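Colleague: I am new to this structure. Please take me through the disulfide, up close, and then show me the chain around it.

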Amino acid sequence: QVQLVESGGGLVQPGGSLKLSCSASGSIFSIYATGWYRQAPGNQRELVAAVTSGVNTNYAESVNGRFTISRDNAKNTVYLQMNSLKHEDTAVYYCNADVQITRATRYNDYWGQGTQVTVSS
């Protein structure tokens, strides 16, 4: 079993910064891609940023230049540094990871429980 636990969400004023963390634990042999998604009320869940084990990154156009995704493979942790936050960044942020639990198994998709980010003055 694999668990993803997010932390770092909260309330911040427009223009402020937050850093989210997501730690993976359990039976982990390898993690390929990890990413952050978000879902605002009434909207579909959308990709915010993703990073592969080879440190290739991908960002949503709306956050490009403001958010930075990074990962610490030794700690099985992925981070999302969010700067210049805007009202429209308000959402529940979810961590996602493609995890292989043994060398012989395929990669499966896992999700965290989500952390609320609210940008408000």
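Modeller: Start with the twist of the bond. The link of Cys-22 and Cys-95 is left-handed, with -80° about the S-S bond. The two cysteines sit in distant parts of the chain, 73 residues apart. Cys-22 belongs to strand E3, which covers residues 18-26. Cys-95 belongs to strand E9, residues 91-100. From S to S the distance is 2.1 Å. The model is a predicted one, and this is the one disulfide it holds.

Is each cysteine buried or exposed? Buried means under 20% relative accessible area. Cys-22 has 2%, so Cys-22 is buried. Cys-95 has 1%, so Cys-95 counts as buried too.

Now the chain around the pair. The protein chain has 11 strands and zero helices. From the N terminus on, every element is β. The radius of gyration is 14 Å, close to the 14 Å that the globule rule gives for 121 residues, so the chain is as compact as a globular protein of that length. The C-alpha trace spans about 50 × 25 × 25 Å along its principal axes.

Burial goes beyond the cysteines: buried residues make up 41% of the 121 residues. Take the contacts between residues at least 6 apart in sequence. Of these, 56% join residues at least 24 apart.

Last, the outside. The chain exposes about 6,500 Å², and carbon and sulfur atoms supply 46% of that area. There are 9 positive and 8 negative side chains. The centres of the two sets lie 6 Å apart.

Definitions and conventions. Residues numbered from 1 in each chain as written. Predicted model: local features only at pLDDT ≥ 70, side-chain atom pairs only at ≥ 80, totals over all residues. Heavy atoms only, no water. Helix = DSSP H or I, 4+ residues; strand = E, 2+ residues; numbered from the N terminus. Rg over C-alpha atoms; globule rule 2.2 N^0.38 Å. Buried < 20%, exposed > 50% of the residue type's maximum accessible area, 1.4 Å probe, protein only. Contact = heavy atoms within 4.5 Å. Areas by Shrake-Rupley, 256 points an atom, 1.4 Å probe, with all protein chains shown as cover. Lys, Arg positive; Asp, Glu negative; His and termini not counted. Charge placed at Lys NZ, Arg CZ, Asp CG, Glu CD. Disulfide = S-S within 2.5 Å.
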